[in-house]
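Student: I would like to test some of the labels used for this structure against their definitions. Can we go through them in turn?

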Amino acid sequence: MNATDREYAQELDRNDPLAHYKSQFVVSDPDMCYLDGNSLGRLPKATITAINEFMTREWGPEVVTGWGHWVDEAQPTGDLLAAAALGAGPGQTLVCDTTSVNFYQLCLAAIHARPGRKTIITDAANFPTDRYILEGIAKQFKLNLLIINNEDSAIATHERITPEVLAPYLNDDVALVTLEVIQYRSGARSDMKAITDQVRAIGGLVVWDASHAVGAINLNLDANGVDLCVGCTYKYGNSGPGSPAWLYVSTRIQQELQVPIQGWFAQGAQFEMGPVFEKADGIRGFQIASPSLMGIRCVQTAFSMIKEAGIDLVEVKAGLGTQMMIELYDAWLKPLGVELNTSRNPKERGGHISLVHPDASQICVALRQIANVIPDYRTPNSIRLAISPLATSYVEVWDGFARMRDLIESGAYKTVKEGGSRVT
Ligand SMILES: Cc1ncc(COP(=O)(O)O)c(C=O)c1O
């Protein structure tokens, strides 16, 4: 059957072992095609219950005594997230703070673990917060920040950093390489193991940002020999706007590393309130401060669903869903002048694809305002479209693409003006 036949998507839904999960999320408008789960995931119904129960059964009645059992929740929640989505054993992951803070912490810890080395490397297509934080670190510690120009298609295809792209920049002055597992704009996915091994061979460390990968693919952090990784929980993790992020530090290097913000939660004998900082053993030595309990409960419900569903099945659905998008793109959108900026190889992408058009911004506004399809726009000319494996059906994706084809073909998108929001 051809992908352009709606029955094709219906058949995929009928055979989808994860199909029943969509009804476990709040879908208030069944006509809406929500293709932006790579930016903010839908709300799991279980989260509403969990937060309500936390307030009525714990915070309300227990007040401060609750801290007795809340105090260490960042660790078991990290273990849950690691088992559900990271392919990582216990004692290496914390759910805490924001991706930006965790990124800063682990990058500086890595740099300081390689004294004398003065070079740090990232790529031009990396997410802005990572680039800005590195710029600040380089300035403060007088380091040389090398930025690979992977937005130039002569240097990289679809912004994808491969060992071949990285090789010319590596030498024994490099302390840190930091990359996204999946590029936020193009959706390109790097080979974590090959790059981690390559950088280890020259004595450097890699900090991976897995924000666009976690909950869409199996990261296999332990098997891939990853040392350091961070990510968020609000995209495919479905844990809510501003939900706490996570950090992963392999047991191999926990002893060796010291994060710059020495908060009291990392203090070995925390409640002795002693005069001098002495780092706790294990992953708690990387925690700054009080856990955000309500955020953590949101992470627990959402990642329990991913654990139950199985991350390998999640990855298969991301691959099939993006494959269907690419087939629909070939049939409907390519003839209309739209370009594909994502690999056709499912091993080189995750749950989203990127389409390029000179009027991408206006098309995205029109999709929301006219067609009840939610994509997002990324400057300068990209439309990002995702399948969030637990919360999106194949038919929802198919309908979204059909509506987009109609909007572009008819030129109806040209009637809309600005989106009216600072957020795209
Ligand atoms: C790859 C990546 N890194 C970092 C961030 C920033 O996350 P936060 O605002 O939680 O620090 C984002 C946000 O979307 C992101 O996509």
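Student: Which residue in β8 is the bridge partner of T93?

Tutor: Y248 is the bridge partner of T93 in β8. Before going on: the model is predicted, with local features needing pLDDT of at least 70 and side-chain atom pairs pLDDT 80 or more, while totals for chains, interfaces and linings use all residues. Numbering runs from 1 along each chain as its sequence is written, and side-chain values use heavy atoms, without hydrogens and water.

Student: What makes β2 and β8 a pair?

Tutor: Strands are DSSP runs of E of at least two residues, numbered from the N terminus (helices: H or I, at least four). Two strands pair if DSSP finds at least two bridges between them. β2 and β8 (residues 246–249) have three bridges, in the antiparallel sense, so they pair.

Student: Why is β2 called an edge strand?

Tutor: The open sheet has seven strands in the order β2-β8-β7-β6-β5-β3-β4. β2 (93–95) pairs on one side only, as does β4 (144–148), the other edge strand.

Student: How do you know that D209 makes a polar contact with the ligand?

Tutor: A polar contact is a pair of N or O atoms within 3.5 Å; within protein, one must be able to donate a hydrogen and the other to accept it, and residues adjacent in sequence count only if both atoms are side-chain atoms. A side-chain N or O atom of D209 is 2.6 Å from a ligand nitrogen, so the pair qualifies.

Student: What is the distance for Y234?

Tutor: A polar side-chain atom of Y234 lies 3.0 Å from a ligand oxygen atom.
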